Amino acid sequence: MLAVVPANVDIATQEIIEIARELDPDGTRTLRILTKPDLVDKGAEDKIIELVEGKQESQELCWVVVRNLGQKDLQDFSKDRDVEEEIFRNSPPWNRLSNDNYGIESLRTRLQALLASNVRREFPSVRSEVSKRLKECKRGLENLGEERESPEQQSKYLLQIASKFQRITENALHTNYGLQDAFDEEPDLRLGATLVANRNAQFSDDFCSQGHVYCFKSHGHDDNTENQPNTTATSPPSSVRTCIGTDIEGVEEEHENSVPSRKLNSCSDIEDILHDRVQIQNSLEQGILPWIENIYRESRGFELGTFNSAILSSVLKKQSAKWPSLTEG
């Protein structure tokens, strides 16, 4: 900032000085210039010289006195500005000023030095900012891809897209997910065998854990037959919504005791060919022994020391009553 103040006024009260102090409290960016030294009142020159030659603050820039031509001198083409300034410089008491604080040449040298200093100080940050913006522009150009003005360039661009899509599709079908980063960025691109294998594994787990009406017990399990009377147990019907009969009456609507037959959300494009989503009730953890005993009693014939083999098909049919809903889901 160049704070220009006439030397023939009260410098301390000048508004430009106050503004400069507010914007630059340390004075490191303000070069103060005194003009019209030839209009200073007689006897007041010493105060101006003391101000200019006085000790500055730690980082405060100094004063520079400049003597320009007056309005009358400007009309006289025979007068040279630099010559008149040098003549005034040699007249007392202004000859006491140092060469660094007087004249347009001193001001020019000081401004050049300040400019060079500022450039050296700020150039690294400017270069860093330019490099940063240059990289952003290059990335933007790369994202736009190659030029596609001519039909040949457009055809080449579309062919590249089709080839890339074909590579992704082939890798997805052959589960070669490590060949392209797209599979890590978009997990939904993992198609084909992966989805089939995961769905089959999920189906196998569901079938193993929920595919039977009654849970099978280990050899060490002591079934609580006291709480499961064997004379009134009834065989469950084949319908999945009533497959467990009276044993789960009242809890069919509780989803915490059931699992959905379909794990994925519905797809509107194939909704008309999908089976309805139903809740598969959890298998009963107790009552399998009274239930089998009841079926045995209902299937007894004239066997001696054995049982009617038809009981096996009856048990399998009723124990697997959930299978249609599991397979449809």
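E122 is partly exposed, its relative accessible area being 39%, and in this predicted model E122 forms a salt bridge with R121, with the closest N and O atoms 3.4 Å apart. That pair is one part of a wider set, since the structure holds 9 salt bridges. The points below take up some of these charged pairs and then turn to the sheet and to the helix that lies across its strands.

**A salt bridge between two loops**

- R67 and D38 are joined by a salt bridge in which the closest N and O atoms are 3.7 Å apart.
- Because R67 sits in the loop between strand 3 (63-66) and helix 3 (71-74), while D38 sits in the loop between strand 2 (31-35) and helix 2 (45-53), the pair ties together parts that are 29 residues apart in sequence.
- Is R67 buried or exposed? With a relative accessibility of 10%, R67 counts as buried, because the cut-off for that class is under 20%.
- D38, the partner of R67 in this salt bridge, has a relative accessible area of 33% and is therefore partly exposed.

**Charged residues in helix 4**

- A salt bridge also links the side chains of R81 and E85, with a distance of 3.0 Å from N to O.
- Both R81 and E85 belong to helix 4 (residues 81-89), where they stand 4 residues apart, which is about one turn of the helix.
- R81 is buried, and E85 is buried as well.
- Salt bridges with shared partners connect R81, D82 and E85 into one network.

**The sheet**

- What is the order of the strands in the sheet? The sheet is open and is formed by 3 strands in the order 1-2-3, with parallel pairing.
- Strand 1 (2-6) and strand 3 are the edge strands, each of them pairing on one side only.
- From one strand to the next, the twist averages 25 degrees.
- Strand 1 and strand 2 run parallel and are joined by 5 bridges, and the residue in strand 2 that serves as the bridge partner of V4 is I33.

**The helix across the strands**

- Which strands does helix 5 lie across? Helix 5, covering residues 104-144, lies across strand 1, strand 2 and strand 3, and its direction makes an angle of about 170 degrees with strand 2.

Key: Residues are numbered from 1 along each chain as its sequence is written. This is a predicted model: local features need pLDDT of at least 70, side-chain atom pairs count only at pLDDT 80 or more; totals for chains, interfaces and linings use all residues. Side-chain values use heavy atoms; hydrogens and water are left out. A salt bridge is a side-chain nitrogen of Lys or Arg within 4 Å of a carboxyl oxygen of Asp or Glu. Buried means under 20% relative accessible area, exposed over 50%, partly exposed in between (1.4 Å probe, protein chains only). Two strands pair if DSSP finds at least two bridges between them. Axes are lines fitted to C-alpha atoms, for helices over the stretch in contact, and angles run from 0 to 180 degrees between N-to-C directions. Contact means heavy atoms within 4.5 Å.
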